[in-house]
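Have the model open beside you as you read. We will walk through it one piece at a time, with an eye on helices and charged pairs.

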Amino acid sequence: MSQLDNPSQWTTGSDAPTEKQKSFISTLASSKGASDVDPSSLNKSEASAKINELKEQPTQNANASAGQPIQDPSTWSTGDDKATGKQMGYVAVMAKKAGESVPNEMGKTEASQKIEELKGKTGM
């Protein structure tokens, strides 16, 4: 077992959770029907453990939204990099549902903005 597998041993484990951890916990809690989770009351180590715990629970709310991006995509330092496979997959599924053509290539920022646009059109 490595130190990464044991968050309680992390040097920064007692620090406040990151914004990404808090956002992910909120999204997971919503999809799992766990309304009693307050990510702000946890430290990084506890947040990591809570994420693992929630991931193991069955999904109860399949329509839970991932919410807004934590950071404005136009300010991403890697925004001009090629979009990730997941981003292109989301764009492809939603573009097809919206009756739009699927772009061949996009940057990360462009893909994120397209996803938000298509969410509005498809209700996904």
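In this predicted model, helix H4 makes a good place to begin. H4 is built from 15 residues, and the distance from its first C-alpha to its last is 21 Å, close to the 21 Å expected at 1.5 Å a residue. Just after H4 comes Gly-123, which has a positive phi, near 75°.

Which residues of H4 are buried? They are Thr-109, Ala-111, Ser-112, Lys-114, Ile-115, Leu-118 and Thr-122. If you look for what they face, you will find H3, since the buried residues of H4 pack against H3.

Now turn to the charged side chains. Side chains of opposite charge can pair when their charged atoms come close. The structure holds seven salt bridges, and a few of them are worth a visit here.

One of them is within H4: Glu-116 pairs with Lys-119, with 3.3 Å between the closest N and O atoms. These two residues sit three places apart in helix H4, about one turn of the helix. An α-helix has 3.6 residues a turn, so residues three or four places apart point the same way. How accessible are the two partners? Glu-116 is partly exposed, because its relative accessibility is 27%, and Lys-119, at 24%, is partly exposed as well. Elsewhere, salt bridges with shared partners link Glu-100, Lys-114, Glu-117 and Lys-121 into one network.

Within that network, have a look at Glu-100 and Lys-121, whose side chains meet in a salt bridge at 2.5 Å, N to O. Glu-100 belongs to the loop between helix H3 (85–98) and helix H4 (108–122), while Lys-121 is in helix H4, so this pair ties together parts that are 21 residues apart in sequence. Glu-100 has a relative accessibility of 22% and therefore counts as partly exposed.

Helix H1 offers another salt bridge to inspect. There, Lys-22 pairs with Glu-19, and their closest N and O atoms are 3.0 Å apart. Because the two are three residues apart in helix H1 (residues 19–32), about one helical turn separates them.

Before leaving H1, stop at Gln-21, which also has its place in this helix. Is Gln-21 buried or exposed? Its relative accessible area is 12%, so Gln-21 is buried. Setting aside neighbours within four places in sequence, Gln-21 is in contact with Lys-44, Ala-47, Ser-48 and Ile-51.

Note on methods: Residues numbered from 1 in each chain as written. Predicted model: local features only at pLDDT ≥ 70, side-chain atom pairs only at ≥ 80, totals over all residues. Heavy atoms only, no water. Salt bridge = Lys/Arg side-chain N within 4 Å of Asp/Glu carboxyl O. Helix = DSSP H or I, 4+ residues; strand = E, 2+ residues; numbered from the N terminus. Buried < 20%, exposed > 50% of the residue type's maximum accessible area, 1.4 Å probe, protein only. Expected span 1.5 Å × (residues − 1). Contact = heavy atoms within 4.5 Å.
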